[in-house]
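Let's take a friendly walk through this structure together. Have the sequence and the 3D view at hand as you read.

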Amino acid sequence: MSKKIFYFFALLGAMVVFAPACGDSDPCKDVECANGTCFEGVCDCDAGYFTDANGSCTINAAGVYNVSENCTVGIYSAEVLAGATAGELKIKGFWGEFVANVNVTVSGNNLTITRQEPDGDKFFVEGSGTWSVNAGGKVVLSLSYTVKDETVPGAIQTATCSATYTQQ
């Protein structure tokens with residue numbers, strides 16, 4: 001009987017020594033986020049940063065952009081600012097007309113402009129788009145949006161626009 005107990009404890013000891021430990025695997029161990037924090041193996045970027053092809057937060061979306069618009073204004077410049085949290089941007093000089101910032105939500109490569117009245121003057125904007133990086137390493141925002149003039153009740157005027165914002 002004592003041989004069986006000896007073999008049982010020897011086998012149990014070998015299992016403890018050679019078996020992988022549960023929960024020792026850190027999914028963030030080899031993840032470098034640069035301007036962000038790793039969470040379960042994926043980078044959660046700081047405000048104003050996007051992930052590059054390697055998943056690291058190295059693309060800074062903040063800066064001055066040249067804007068080409070097919071609406072009422074044509075060509076102008078605007079400034080993109082980091083939002084209050086990751087996943088938010090603010091565009092200063094949007095549509096070449098708004099004084100206050102237009103808030104943009106970022107989810108992956110998608111951009112969303114939820115209905116908002118930036119200047120509090122009954123001019124509303126909403127839309128969507130995408131972001132990418134061009135061959136020169138500059139961020140490009142491609143947006144489609146509508147601006148509604150609701151200053152006169154019952155006589156809403158709408159401008160449907162698209163614009164390409166290219167980081168300088």
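**A pocket and a buried glutamine**

The largest pocket holds about 240 Å³ of space. Please keep in mind as you explore that the model is predicted.

Turn first to the walls of this pocket. Its lining is made up of 16 residues, and C45, Y49, F50, V106 and G108 are the ones nearest the centre. By character, the lining residues of the largest pocket comprise eight nonpolar, five polar and three charged.

Which strands supply at least two residues each to the lining of the largest pocket? They are β2 (42-45), β3 (49-50) and β7 (88-92). Of the elements that contribute, β2 gives the most to this lining, with three residues.

Now move along the chain to Q167, which belongs to strand β12, spanning residues 157-167. Is Q167 buried or exposed? With a relative accessible area of 12%, Q167 is buried, because anything under 20% counts as such.

The side chain of Q167 has polar partners in the backbone. One of its polar atoms lies 2.9 Å from the backbone oxygen of N60. The Q167 side chain also reaches the backbone oxygen of A62, here at 3.1 Å.

To see who else surrounds this glutamine, set aside residues up to four places away in sequence: Q167 then touches N60, A61, A62, V64, Y65, K138 and V139. N60 and A62, whose backbone oxygens we have just met, are thus among the residues that Q167 touches.

Technical notes. Residues are numbered from 1 along each chain as its sequence is written. This is a predicted model: local features need pLDDT of at least 70, side-chain atom pairs count only at pLDDT 80 or more; totals for chains, interfaces and linings use all residues. Side-chain values use heavy atoms; hydrogens and water are left out. Helices (H or I, at least four residues) and strands (E, at least two) are DSSP runs, numbered from the N terminus. Buried means under 20% relative accessible area, exposed over 50%, partly exposed in between (1.4 Å probe, protein chains only). A polar contact is a pair of N or O atoms within 3.5 Å; within protein, one must be able to donate a hydrogen and the other to accept it, and residues adjacent in sequence count only if both atoms are side-chain atoms. Contact means heavy atoms within 4.5 Å. On a 1 Å grid over the protein atoms alone, a cavity is a set of points where a 1.4 Å probe fits but cannot get out, and a pocket is an open set with protein on both sides within 12 Å along at least five of seven lines; lining residues have an atom within 4 Å of a point. Grid points are joined across faces, edges and corners, and a volume is the space filled by probe spheres set on the points. Ala, Val, Leu, Ile, Met, Phe, Trp, Tyr, Cys and Pro count as nonpolar, Asp, Glu, Lys and Arg as charged, and the others, Gly among them, as polar.
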